[in-house]
Amino acid sequence: MPSPSRRRILATIAVVFAALAGSTSPTAARPPAPDQLAPMSPDFLWGVAASGFQAEGDAPDSNWRRYAESGSTEHPYLNSVDFRQRFRSDIGLAADLGVRVYRIGIEWARVQPRPGVWDEAGLRFYDEVVGAIVAAGMRPMLTLDHWVYPGWVADRGGWRDPRIVADWLTNARSIVDRFAHTDPLWVTFNEPMVYLANELRLGGLAPADAPTMVDRIAQAHNGIHEYIHSVQPGAMVTSNVAHLPAVDDTVNGPLLERISARLDYIGIDYYYSFSPAEPRIPDPGKLWTMPLHPEGIYYVLEHYARKFPGRPLYIVENGMPTENGLPRPDGYTRADSLRDTVYWLQRAVADGIPLLGYNYWSLTDNYEWGSYTPRFGLYTVDVLTDPALTRKPTDAVAAYREITAAGGVGDDYRPTRAPAPCSVVNGVASCTDPVTVPR
């Protein structure tokens, strides 16, 4: 999940890569809104998502531990939500939701603390985590790089170092060898262009090095995709993109062009949208004030279905931020946001979009890349004031449990919020051919 300050860096990325971005095809008329909504197939993959550094605690030396300890972040890392010691109970909470997928990250910094040196205790920790996910009846979704690399890689220059692709692949192959037998879904790089923005913001990268990082991420992704398929025939591998309203093709397009032949499914993260009809300009420094347009997830899926015809899509991350767990200023509840979003997922499937699954971000609150203020969890955790790190269920826990049991919202469900006019997620088409809801 990207932090607000990184969004300012995305403008720089857009300028750097604007000349390389492709154009999108025009939008054809979509089917009329159905009066009755069919549930998802029993094979649909409902899931939850988390990352390693953001949730584990007991953080080893890494670029992000150094960023947090340098004082450049709003809050110190502390021990996050201590997933490292509480993973069994957290996995139990996910299983109780009825989900079929649990996404985690395998932290390179934890398993390879020095060049050529593997930490067996760190590897055994992930053995136990993945084993617990499988034993609970869920499929692992394993992220190989969620913006964190070891301190020794940082000392070599991070993504500026020409050795990083070989170093990265050495670690990634070892993880694939260890866990391919569990038949995971794979994510190579989490939100790679926001990863780049993060490195620019915190000094791990200079603007002139941005194209080099993109090239090296593409090399690493393509290399590990081939290796995964040699070890796990039929594997499903992606690099999830953070959908960026209005500039998505400009920012994400250049990398997607380099790796598109090696994406077995299209992983998409969707959170926010904007409309000219918004009553005020949102503050990207306060995520809980950002406009939420649940119908935007339909537009995003429609866009990527046309961009990658025949390729299955997966919402790898989607959720709703609040400020310290307080009610949102716009009155939107987590449960209503979830149900409204699922309505639009079902609408997308009804219209022929090949959606494979959906992960809620996140199971619990965690360290949102420098701050504990934005809360995204189905279970809220007050890291700063609750030493017990109690997992407190939000209203979305019961809602998600009902959704997974029924395969979605009811056939006569109607969203609590009407579609916004002229969403920037889909530009002109959302004005000329907007989605509608039956009366």
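## Exercises on salt bridges in a predicted model

Arginine 178 forms a salt bridge with glutamate 120, and the closest N and O atoms of the pair are 4.0 Å apart. The structure is a predicted model, and the exercises below begin with this contact.

**Exercise 1.** Work out which helices are linked by the pair of arginine 178 and glutamate 120, and how many residues apart the two lie.

*Solution.* Start by placing each partner: arginine 178 belongs to helix 8 (residues 164–179), whereas glutamate 120 belongs to helix 6 (residues 120–135). The pair therefore links distant parts of the chain, with the two positions 58 residues apart in the numbering sense of being 58 residues apart. Then turn to accessibility: arginine 178 is partly exposed at 27% relative accessibility, and glutamate 120 is likewise partly exposed, with a relative accessible area of 41%.

**Exercise 2.** Determine which residue of helix 6, aspartate 127, contributes to a salt bridge with arginine 178, and describe the contact.

*Solution.* The side chains of arginine 178 and aspartate 127 meet in a salt bridge with an N to O distance of 2.8 Å. Arginine 178 sits in helix 8 and aspartate 127 in helix 6, and the two are 51 residues apart. As for its surroundings, aspartate 127 is partly exposed, having a relative accessible area of 30%.

**Exercise 3.** Establish whether the partners in the salt bridge of arginine 391 and aspartate 90 are buried or exposed, and explain what the pair ties together.

*Solution.* First take the contact itself, in which the side chains of arginine 391 and aspartate 90 meet at 2.8 Å, N to O. Next locate the partners: arginine 391 lies in the loop between strand 12 (379–380) and strand 13 (392–393), and aspartate 90 lies in helix 4 (residues 83–97), so the pair ties together parts that are 301 residues apart in sequence. Finally apply the cut-off, by which buried means under 20% relative accessible area: arginine 391, at 15%, counts as buried, and aspartate 90, at 2%, is buried too.

**Exercise 4.** State how many salt bridges the model contains, and name the residues linked in a network.

*Solution.* The count comes to 24 salt bridges. Glu56, Asp58, Arg84 and Arg110 are linked with one another in a network of such contacts.

**Exercise 5.** Describe where leucine 326 is found, and how its C-alpha atom is placed with respect to that of arginine 375.

*Solution.* Leucine 326 is found in the loop between strand 9 (322–323) and helix 13 (334–350), where this leucine is partly exposed with a relative accessible area of 48%. Although leucine 326 and arginine 375 are 49 residues apart along the chain, their C-alpha atoms are separated by 8.9 Å.

Key:
Residues numbered from 1 in each chain as written. Predicted model: local features only at pLDDT ≥ 70, side-chain atom pairs only at ≥ 80, totals over all residues. Heavy atoms only, no water. Helix = DSSP H or I, 4+ residues; strand = E, 2+ residues; numbered from the N terminus. Buried < 20%, exposed > 50% of the residue type's maximum accessible area, 1.4 Å probe, protein only.
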